[in-house]
Amino acid sequence: MAQIVLDRLRRKFGDAILETHSEHGDDTAVVTRDKLVEIALFLRDDPELQLNSPVDCTAVDWQGRRDVRFDVVYHLTSIAKHHRVRIKVRVSENDPTCPSLTPIWRGMNWHERETWDLYGIRFTGHPNLKRVLMYEEFVGHPLRKDYPIDKRQPLIQMRNVKMVPTQKNPPPDRINQP
Amino acid sequence: MSEDKLLESDVIMTRRSDAETWLRERIEKLAQPVINWGRKYSLFGYPFVTACCGMEYMSVNSPRYDLARFGAEFPRFSPRQADLLWIVGTISQKQAPILRRVWEQMADPKWVLAFGVCASTGGFYDNYCTVQGADQVIPVDVYIPGCPPRPEQVLDGLCMLQDKIQAEKGRVML
């Protein structure tokens, strides 16, 4: 659907495009972090692409992947041209930074704040990079795979409520039975 | 002489206070069911709506299911004027201090009703940001399960709360 976007990107930037693939009409380009701002400006301003709407910015935690643990994922769409593209940037665990695209698309502001909040990716050049969903007292980034699954950080003293014991392992004939 | 007079007046005061206490107790005992009856049919609710159960709250409050039949139809959006706190929806850790403050602002007598499974136990949100039941923040009188509960369940829960209020003792202030 947006093969034109990938073709133009590959022709213009060559080595900066690490990988592209199209699956079920979703076109993805993996780009290097150094060229991200340049590529984003090209995607926005090129008259044939006109990717003028920032849909989302998120991240994926591939814990255990060699060298680069995180994917930062941008979704862009063009209201004028009716196509969309996904841009991925690989970010390592030791240096989880990524250039901010908020100066290019103002709508990226809160998306990048959310990604910082939940994954701990620092966006350099962001005007106001602070938590947006969790509270300021929260320690850590809860959607990282190494955040303990049952760890909670209450803001106030909780009442001591006696929990009713539940059946941990129901017998097999009880599973999926109403 | 003066000491004797003092003692005498003390005795009179004590007798008067005994009589007052006796009378007060009798009146309270007689008045308790009447006051409870008045309270249970004039519950002014404060809807603390945080999630999708709010739709079901609106449904139960609207004419089809008609909460007004039980005298609880009048939502007050100030905790100062409310008797009944409806916790409608998921309580996140960020929301918990707000819920506690709203509850502390309500004047006594007050009751709390957990509407839906998230407010009762946290529901399926067993994660980093959700309080596992509003009773970890404030005491709850009646729990209504369901995701969301049917309006019939809500009305049933309200009737249970009314029974509880009718059975209350020692909350009369004369």
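A residue is called buried if 20 or more other C-beta atoms lie within 10 Å of its own, exposed if 12 or fewer do, and partly exposed in between, with C-beta atoms placed from the backbone. By this rule, buried residues make up 34% of the 174 residues in chain B.

The model is predicted: local features need pLDDT of at least 70, side-chain atom pairs count only at pLDDT 80 or more, and totals for chains, interfaces and linings use all residues. Residues are numbered from 1 along each chain as its sequence is written, while chains are lettered from A and ligands numbered from 1 in the order in which they are written.

**Chain B overall**

Chain B has five helices and four strands, where helices (H or I, at least four residues) and strands (E, at least two) are DSSP runs numbered from the N terminus. Along the sequence these follow the pattern α-β-α-β-α-β-α-β-α. The C-alpha atoms of chain B fill a box of roughly 75 × 35 × 25 Å along the principal axes. Its radius of gyration is 22 Å, against a value near 16 Å for a compact globule of 174 residues; the radius is taken over C-alpha atoms, and the globule rule is 2.2 Å times the number of residues to the power 0.38.

Two residues are in contact if their C-beta atoms, placed from the backbone, lie within 7 Å. Of the contacts in chain B with a separation of 6 or more, 80% are between residues 24 or more positions apart.

**Domains and the contact between chains**

Chain B is assigned domain 1 (1–40) and domain 2 (43–166), with bounds from an automatic or database domain assignment. The centres of these two domains of chain B, taken over C-alpha atoms, are separated by 39 Å. Four residues from domain 1 of chain B and five residues from domain 2 of chain B form the contact. On the domain 1 side there are one nonpolar, one polar and two charged residues. The classes are nonpolar (Ala, Val, Leu, Ile, Met, Phe, Trp, Tyr, Cys and Pro), charged (Asp, Glu, Lys and Arg) and polar (the others, Gly among them).

Between the chains, twelve residues of chain A are in contact with ten residues of chain B. The side of chain A that touches chain B has eight nonpolar, one polar and three charged residues.

**Helix H2 of chain B**

Helix H2 (residues 53–61) of chain B has B:Cys53, B:Glu56, B:Tyr57, B:Val60 and B:Asn61 buried. These residues lie on the same side of H2(B) because they cover an arc of only 135° around the axis, the arc being that of the directions from the helix axis to the C-beta atoms. They pack against strand E1 (45–49), strand E2 (84–88), strand E3 (111–115) and helix H5 (151–166) of chain B. The exposed residues B:Met55 and B:Met58 are on the face of H2(B) turned away from its buried side.

**Backbone features in loops**

Two residues other than glycine with positive phi are listed here.

| Residue | Phi | Loop | C-beta neighbours inside 10 Å |
|---|---|---|---|
| A:His82 | near 60° | between strand E4 (70–78) and strand E5 (83–91) of chain A | 9, exposed |
| B:Asp66 | near 60° | between H2 and E2 of chain B | 13, partly exposed |

Cis peptide bonds are also present. The bond from B:Asp108 to B:Pro109 is cis, with omega near 0°, and B:Pro109 is in the loop between helix H3 (96–105) and E3 of chain B. B:Cys147 and B:Pro148 are joined by a cis peptide bond with omega about -5°; B:Pro148 is in the loop between strand E4 (142–144) and H5 of chain B.
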